[in-house]
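Reader: I am new to protein structures. Could you show me how to read one, feature by feature?

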Amino acid sequence: MSDAQLSGVGVSPGRASGPVIKVTESISEPAGSPGPDDPYAEAARIAPAAQAVASRLEAMAAPATGDAAAILTTTAAMAADPALVSQAEQLVTAQRIPAARAVYEAANNFAHALANAGGYMAERVRDIEDVRDRIIAELLGIAPPGVPELTAPSVLVARDLAPADTAGLDPAKVLALVTEEGGPTSHTAILARSLGIPAVVAARGVLAFDAKAISVDGGTGAIEAVDVGAPVVAATAAGPAEWNGRGETADGHRVKVLANVGAPADARAAAEAGAEGVGLFRTEFCYLDADDEPSVAQQRAAYTAVLEPFRGKPVIVRTLDAGADKPLAFLDPEIEPNPALGVRGVRVAFDRTGVLDRQLEAIAGAAADSGADVSVMAPMIATAEEAAWFAEHVRAMGIAGAGVMIEVPAAALSAREVLDAVDFVSVGTNDLAQYTFAADRQLGAVAKLNDPWQPALLRLIAMVGEAAKATGKPAGVCGEAAADPLLARVLTGLGVTSLSMNGGSVRAVGAGLAAVTLDECERAAQAALATATAAAARTAANGA
């Protein structure tokens, strides 16, 4: 690759070129001295500052829709989190440090816990850092870091973008996004797709890239220097797609188009986006701030709030995905040398069956309260024996649909036997890629290995699709791979029967499926499987 070119992971299709604007880095680490004369008065400044930040984020969320509204609302809630405020206040009074330093340390404690949690929760570290910087800026009376006001259409380049910054972007001014860090499942990727802005993440070296103007291909991940005087090329990503709301190919082959949700705001946004149901309801939000296990009644009420927008529609609830790498105090986790490969997901329930059974009881109650058509699936299943054990517990609680996630390569390799034990499976492409390639999905240095177009990953999904056809049972995909309209066609061609994604991608994926036949999907899938690299797989599928 020449000095005038770079590459990253394309996460939002489309091409654009124009002048580069670099986004400000995080604010400097606040000093821990001098200490305040009156620590109690200093501590009292924190709550109003946090509330001011939360109010501004809520104001940004008010006119927003879909994923942008949900993410801004969630970020506002983080800013006003009583636990964050309380911990910072205690640091001021106990250690006699300035309020800004206390917020910095308290937020970093929360961020560290999320990073240790891994998976989806680790992807929220950037959210906490954004909230931290906004509150500190409020306390210091300075402008928060972030996207500068754009006077002309530009390509934004950053180390990473905070969700609130991404959600507030104007597609008329932002030609494309390029970040040095991040991955295919980051909020930057999700929101860029939602906004129709071409985007490339994990473009190592882009901040030092000596180019005043660049071209960006959000499909292939290619970045190239262009003449600063060259005409600006606006994004060629597709605009709002026309879709009738029913997931099927042009020749009538049914493929449900569903949404991934993790809180009531996500569910409302997904319903507004036209999702046919929910393919992945992450229940961890109910447990994260709990010192003790939430009661059945508390869980039931929390789940009902998420299920209600989907009355009469299918919702797949994932049981608690926690463990040593997602530490929850009430589980009393043991320290493990390699927690990503330890007691997490359904493995927690093997030793604490009561936690699972109480959650299933709450889910069954929420299903009755909401009127949603609820099924349940377990995370981190590795064998057919584990799948059968879980299904037995689900059915004992009177829940009709029992399924499991395919996130571990062993489960994909034995998909036929796993499907014999349950009613359906759902492929979590984010974790399946991480475990297949031994590549932490949070680490930008290995982000290309987590590209969902990797042929090895597609071949594992093909095995699951073949098992689904042989058993006559559904097999979905609920990783962010499903949000790529082209890849969604390939997954359909591999035998997948439902696709679940962020709400902002629902319409584009549904419209993309409606434009092709099942035979075309199968030809694209076979073309991708026959390649050796992720880039070649994408090109082959597009050509087919």
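Author: Gladly; we will go through the sheets, then some helices, and then the charged side chains. Keep in mind that this is a predicted model.

Reader: Let's begin with the strands. What runs 9-10-11-12-13-14-15-16?

Author: That is the order of eight strands in a closed barrel, and their pairing is parallel. On average, neighbouring strands of this sheet are turned by 30° against each other, ignoring direction.

Reader: How many bridges join strand 9 to strand 16?

Author: Four bridges join them, and the two strands run parallel. One pair to look for is Val-257 with its bridge partner in strand 16, Leu-499. Strand 9 is also joined to strand 10, by three bridges, again running parallel. Here you can find Ala-259 opposite Val-278 of strand 10.

Reader: And how does strand 15 connect to strand 16?

Author: Two bridges join strand 15, residues 475-477, to strand 16, residues 498-501, and these strands run parallel. Gly-476 has Ser-498 of strand 16 as its bridge partner.

Reader: Is strand 9 mostly covered or mostly exposed?

Author: A residue counts as buried when its relative accessible area is under 20%. In strand 9, five of the six residues are buried, so the strand is mostly covered.

Reader: What order do the strands of the open sheet follow?

Author: The order is 1-8-7-3-4-5-6-2, with eight strands and mixed pairing. Strand 1 (5-7) and strand 2 (9-12) are the edge strands, each pairing on one side only. From one strand to the next, the twist averages 30°. Within this sheet, five bridges join strand 4 (residues 154-158) to strand 5 (residues 174-179), which run parallel. Ser-154 stands opposite Val-174 of strand 5.

Reader: Now the helices. Which strands does helix 11 lie across?

Author: Helix 11, residues 296-307, lies across strand 9, strand 10, strand 11 and strand 12, and runs at about 150° to strand 10. Helix 14 (residues 384-396) packs on the sheet too, touching strand 12 and strand 13, and its direction makes about 145° with that of strand 13. On the open sheet, helix 9 (residues 187-195) lies across strand 2, strand 5 and strand 6, running at about 50° to strand 2.

Reader: How do I read which way the residues of a helix point?

Author: An α-helix has 3.6 residues a turn, so residues three or four places apart point the same way. With that in mind, look at helix 10, residues 264-273: its buried residues are Ala-265, Asp-266, Ala-267, Ala-269, Ala-270 and Ala-273. Gly-274 follows helix 10 and has a positive phi, near 100°.

Reader: Is Arg-101 buried or exposed?

Author: Arg-101 sits in helix 5, residues 99-117. Its relative accessible area is 16%, so Arg-101 is buried. Leaving out residues up to four places away in sequence, Arg-101 touches Glu-29, Pro-30, Ala-31 and Gly-32.

Reader: How many salt bridges does the structure hold?

Author: The structure holds 20 salt bridges. Take Glu-284 and Arg-318, whose side chains meet at 2.9 Å, N to O. Glu-284 is in the loop between strand 10 and helix 11 while Arg-318 is in strand 11, so the pair ties together parts 34 residues apart in sequence. Glu-284 counts as buried because its relative accessibility is 6%, and Arg-318 also counts as buried, at 6%. Both belong to a network of salt bridges that links Glu-284, Arg-318, Asp-321, Arg-344 and Asp-431.

Reader: Which side chain forms a salt bridge with Asp-369?

Author: That is Arg-300, at 2.7 Å, N to O. This pair links distant parts of the chain, with Asp-369 in helix 13 and Arg-300 in helix 11, 69 residues apart. Asp-369 is partly exposed at 36% relative accessibility, and Arg-300 is partly exposed at 33%.

Reader: Last one: what is the nearest side chain of opposite charge to Glu-407?

Author: Arg-318 is the nearest, 4.6 Å away; Glu-407 is buried yet has no salt bridge. The cut-off for a salt bridge is 4 Å, so that distance falls outside it. Glu-407 lies in the loop between strand 13 and helix 15, and its side chain reaches the backbone nitrogen of Met-380 at 2.7 Å.

Definitions and conventions:
Residues numbered from 1 in each chain as written. Predicted model: local features only at pLDDT ≥ 70, side-chain atom pairs only at ≥ 80, totals over all residues. Heavy atoms only, no water. Pairing = 2+ DSSP bridges. Axes fitted to C-alpha atoms, helices over the stretch in contact; angles between N-to-C directions. Contact = heavy atoms within 4.5 Å. Buried < 20%, exposed > 50% of the residue type's maximum accessible area, 1.4 Å probe, protein only. Lys, Arg positive; Asp, Glu negative; His and termini not counted. Polar contact = N/O pair within 3.5 Å; in protein donor to acceptor, adjacent residues only side chain to side chain.
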